[in-house]
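Student: I should like to examine the reasoning behind the terms used for this model. May we take them one at a time?

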Amino acid sequence: MTTLRVRIFKQNHRFAAAHFTLYPDGAAERLHGHNYSLEATFDSTSASLDGGILAPFQVVKDSLRLVCEAWHERVLLPGLSKFVSITEAGDNYEVRLRTPLVNKFYSLPKEDVVILDIDNVSSENMAVLSLGEYLKRMPPALQAVVKQVTMTVSEGPGSEVSVQADVPPSPCVLPKQNGHQQ
């Protein structure tokens, strides 16, 4: 069986965001930013194609763009870290970063912050999280024909992480072709 691989990476599949990364020894990076980019790769079989097309590229691009827009020009915080406490204070979040080596405090406007369901804002966790966010938005028709998705997060030239997952079967029924159900 032949495997088809479709790779989508566009200029608008980028987001600029600030974060800090925590390290196992208790060290933490300073708050800093990256111009991240997302790339998605879809694997399917030639038997899955309808009319020689896996999916309209625009549908895939739109879903990736939505993931990027949610994080663009935001401070990304780890909502599950044992070293980070986040409390609301009016229009701000007060963020306390306490490790054995670091004790910092930030007050950030709520509208500028996204609290992520991860314990550390690392490239590895961002790749896993972005794949999960994409799979939530994946159009059912595409989900029906794609077998695996790989999401790559780059924080700049030469620094990227990829994660791959099998796509769960879609509950959608493919349209009839030549009178036969697919």
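Student: What share of the contacts in the chain between residues at least 6 apart in sequence joins residues at least 24 apart?

Tutor: In this predicted model, the share is 64%. Contact here requires heavy atoms within 4.5 Å.

Student: How many helices and strands does the chain have, and what pattern do they follow along the sequence?

Tutor: There are three helices and ten strands. Their order along the sequence is β-β-β-α-β-β-β-β-β-α-α-β-β.

Student: Why are helix 1 and helix 2 called oblique to each other?

Tutor: Helix 1, residues 57-71, and helix 2, residues 123-137, pack at an angle of about 130°, and their axes lie 10 Å apart. Roughly perpendicular covers 65 to 115 degrees, and roughly antiparallel requires over 145. The angle of about 130° falls in neither class, and the pair is therefore oblique. The crossing of helix 1 past helix 2 is right-handed.

Student: Which residues make the contact, and what makes eight of them nonpolar?

Tutor: Helix 1 contributes Val60, Ser63, Leu64, Leu66, Val67 and Trp71, while helix 2 contributes Met126, Leu129, Ser130, Glu133, Tyr134 and Arg137. Val, Leu, Met, Trp and Tyr count as nonpolar, Glu and Arg as charged, and Ser as polar. The contact therefore divides into eight nonpolar, two polar and two charged residues.

Student: What does buried mean for the 44% of residues that carry this term?

Tutor: A residue counts as buried under 20% relative accessible area, and 44% of the 182 residues meet that criterion. The chain exposes about 10200 Å², of which carbon and sulfur atoms supply 51%.

Notes:
Residues numbered from 1 in each chain as written. Predicted model: local features only at pLDDT ≥ 70, side-chain atom pairs only at ≥ 80, totals over all residues. Heavy atoms only, no water. Axes fitted to C-alpha atoms, helices over the stretch in contact; angles between N-to-C directions. Helix = DSSP H or I, 4+ residues; strand = E, 2+ residues; numbered from the N terminus. Parallel < 35°, antiparallel > 145°, perpendicular 65-115°, else oblique. Left-handed = near helix turned anticlockwise from the far one by under 90°. Buried < 20%, exposed > 50% of the residue type's maximum accessible area, 1.4 Å probe, protein only. Areas by Shrake-Rupley, 256 points an atom, 1.4 Å probe, with all protein chains shown as cover.
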